[in-house]
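Here are my notes on this one, written as numbered points so you can follow along in the viewer. Take them in order and click on each residue as it comes up.

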Amino acid sequence: MYPRLVIDLNKLKSNLDEMAAITKRGNCSLMVVTKVLCADVEMAKMIAAHPDVKYVADSRVKNIAKYADIVRGAGKMTTLLRIPMHSEIEDVVKYVDLCFNSELSTIRLLNAEAKKQGKVQNILLMIDLGDLREGIFFKNEDLIYEAVEEILKMENICLYGIGVNLTCYGAIIPKNENLSILVEWAKKIEDKYDIKLQMVSGGNSSSVYLVDKGELPEGINNLRLGESFVLGNDTAYETKLPRTTDDTVILQAQIVELKEKPSLPIGEVGVDAFGQKPYYEDRGIIKRAIIAVGKQDTDLGSMTPVDEKIDILGGSSDHTILDVTKSDKNYQVGDVVEFKLGYGGVLKNATSEYVERVYIG
C-alpha cells in the first residue's frame, strides 16, 4: 500500500556507527533519540542491540512504552526527553528509567509514585543556558540550589545528573562558552553536596560539531542524537556529517491523476485550505501529477523528489501536485514517485497512521 516509508535499517546502522564514533571521540555516552521515526520498533531493536548505545530516548511516554522491554532487555536505559505532565506520572515511573525535569511539583509526584511502585526514579535536572525552553535559568542560583537540596532529600528520586537543551526553540548554538557554564554548575553541585553526578548532558545534534573541533568542554559526558543519527545532520550549521547518509528514509507515493493543464489557476485567487494565499508561477501548459499524500501526512517543504526533474508545486490536506513535464520518465497513473525527506518530512510521515512502512535490512 502507498504512501509508504521505506526505512533502510542498514543505512541507519551505518549512521549509528558514526554517531558512536563521534561520541567516543568526545568522551561522551550516546543517547539515541527515536522520536523522528515515532519510536519505530524495528529501528529500536537495531539501536538497542548496538554495543555503544547506553540510552534510548523519546519525547513521549507512549512511544517509550512500545519498546521499553526491548531496550531494558538489552541492558540500556529508557529516557523521557520532554518534561513529564502531571497526568502521566504513573506511566513515566512504569516505563521510563531516566526523565528530564525542571519543576519541583512534578518531581514530588514522581517521588510519591515511585514509592508506590517500589522504584527509585532517575531524573536529569534541566538548566536553561539561554535558549529559553525548559530548565531552571542558570543565573537563578538560589532556585537551582533549592531544587537540588529538596531532590536529594527524596527517598525515591535519584539526581542522575544535569542537562541543557539548545537550538530547538531559541536557535541558540552550543558553544564552548555556554556549555562550560553547565560544566561549572555540575562541579558546584557536586562540591556543595558532596555527590557525584553520573550525567552532564550537553545537548542534541546541534552539539555534535564541537567534538571534532576540539571545543566540547571537558566534563560534558553525554550527547543526545536524533536527527544526526537518522539524517546525518549537524543541526547547528545545517551541514552534513562526514561518513553519514541522508537517504535512510524514502517516501513513496502513488500517482492518482496525470493531466496536462495550465500552470495558473483561473479566477480570483483567495486563500487555500490552510488559510494561506498561494503564489503561482506561469509555466504555460504543464503535465501535472497528483500523488495521494498531502499536508495531513507530510511537510511539503521537507520533501525532495529523487527524480531531480520533478518540481513540487504545492498541495492540500490529501494531495500533492507535481510538475513532471521535464522528467525523462514517462509517468503514468499508478506509478510511484520517491522523495528524500528532511527532518519535518520524516517526523510527519512517521506520525501519520495513513503512511505505511516497509524495511530494508
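1. Start at the loop between strand S11 (233–234) and strand S12 (239–240), which is where you'll find Glu238. This is a predicted model, so read everything below with that in mind. Glu238 has a phi of about 55 degrees, a positive value, even though it isn't a glycine. Is Glu238 buried or exposed? Its relative accessible area is 74%, so Glu238 counts as exposed.

2. There's another residue with a positive phi to look at: Ala171, again not a glycine, with phi near 65 degrees. Ala171 sits in the loop between strand S8 (157–163) and helix H7 (176–193).

3. While you're checking the backbone, go to the segment before strand S1 (4–8), where Pro3 has its place. The peptide bond joining Tyr2 and Pro3 is cis, with omega at about -5 degrees.

4. Now zoom out. The chain has 10 helices and 19 strands, and its C-alpha trace spans about 75 × 40 × 40 Å along the principal axes. Of its 361 residues, 52% are buried. If you take the contacts with a separation of 6 or more, 66% of them link residues 24 or more positions apart. The accessible surface is about 16,900 Å², and carbon and sulfur atoms supply 49% of that.

5. Next, have a look at helix H2 (residues 41–48), which is home to Glu42. Which residues of H2 are buried? They are Met43, Ala44, Met46, Ile47 and Ala48. What do the buried residues of H2 pack against? Their partners are helix H1 (9–25), helix H3 (61–73) and helix H9 (227–231), along with strand S2 (29–33) and strand S3 (53–58).

6. Stay with H2 and find its N-terminal end, which is capped by Asp40. A side-chain oxygen of Asp40 lies 3.1 Å from the backbone nitrogen of Glu42. Glu42 itself has a relative accessible area of 33%, so it counts as partly exposed. Setting aside residues up to four places away in sequence, Glu42 touches Leu9 and Tyr359. You can also compare Glu42 with Tyr67: they are 25 residues apart in sequence, and their C-alpha atoms are 9.5 Å apart in space.

7. On to the charges. The chain carries 44 positive and 54 negative ones, and the mean positions of the two sets are 2 Å apart. Side chains of opposite charge can pair when their charged atoms come close. How many salt bridges turn up in the whole structure? The search finds 22.

8. One to try for yourself is Lys13 with Asp17, a salt bridge with N to O at 3.0 Å. The two are four residues apart in helix H1, so about one helical turn separates Lys13 from Asp17. Lys13 is partly exposed at 33% relative accessibility, and Asp17 is partly exposed too, at 34%.

9. Arg25 and Glu18 make another salt bridge, with N to O at 3.8 Å. Here the partners sit on opposite sides of a cut-off: Glu18 is buried because its relative accessibility, 9%, is under 20%, whereas Arg25 is partly exposed at 42%.

10. Asp246 and Lys240 form a salt bridge as well, with their closest N and O atoms 3.9 Å apart. Asp246 is partly exposed at 25%, and Lys240 is partly exposed at 42%. Elsewhere, salt bridges with shared partners tie Glu18, Arg25, Asp212 and Arg243 into one network.

11. I've left Arg224, in strand S10 (residues 222–225), for the end. Arg224 is buried, yet it has no salt bridge. Where is the nearest side chain of opposite charge? That is Glu134, 5.9 Å away, and a salt bridge needs the atoms within 4 Å. What the Arg224 side chain does reach is the backbone oxygen of Val164, at 2.8 Å. Leaving out neighbours within four places in sequence, Arg224 has contacts that include Met31, Val33, Leu81, Phe100, Asn165 and Ser201.

Note on methods:
Residues numbered from 1 in each chain as written. Predicted model: local features only at pLDDT ≥ 70, side-chain atom pairs only at ≥ 80, totals over all residues. Heavy atoms only, no water. Buried < 20%, exposed > 50% of the residue type's maximum accessible area, 1.4 Å probe, protein only. Lys, Arg positive; Asp, Glu negative; His and termini not counted. Polar contact = N/O pair within 3.5 Å; in protein donor to acceptor, adjacent residues only side chain to side chain. Contact = heavy atoms within 4.5 Å. Areas by Shrake-Rupley, 256 points an atom, 1.4 Å probe, with all protein chains shown as cover. Charge placed at Lys NZ, Arg CZ, Asp CG, Glu CD.
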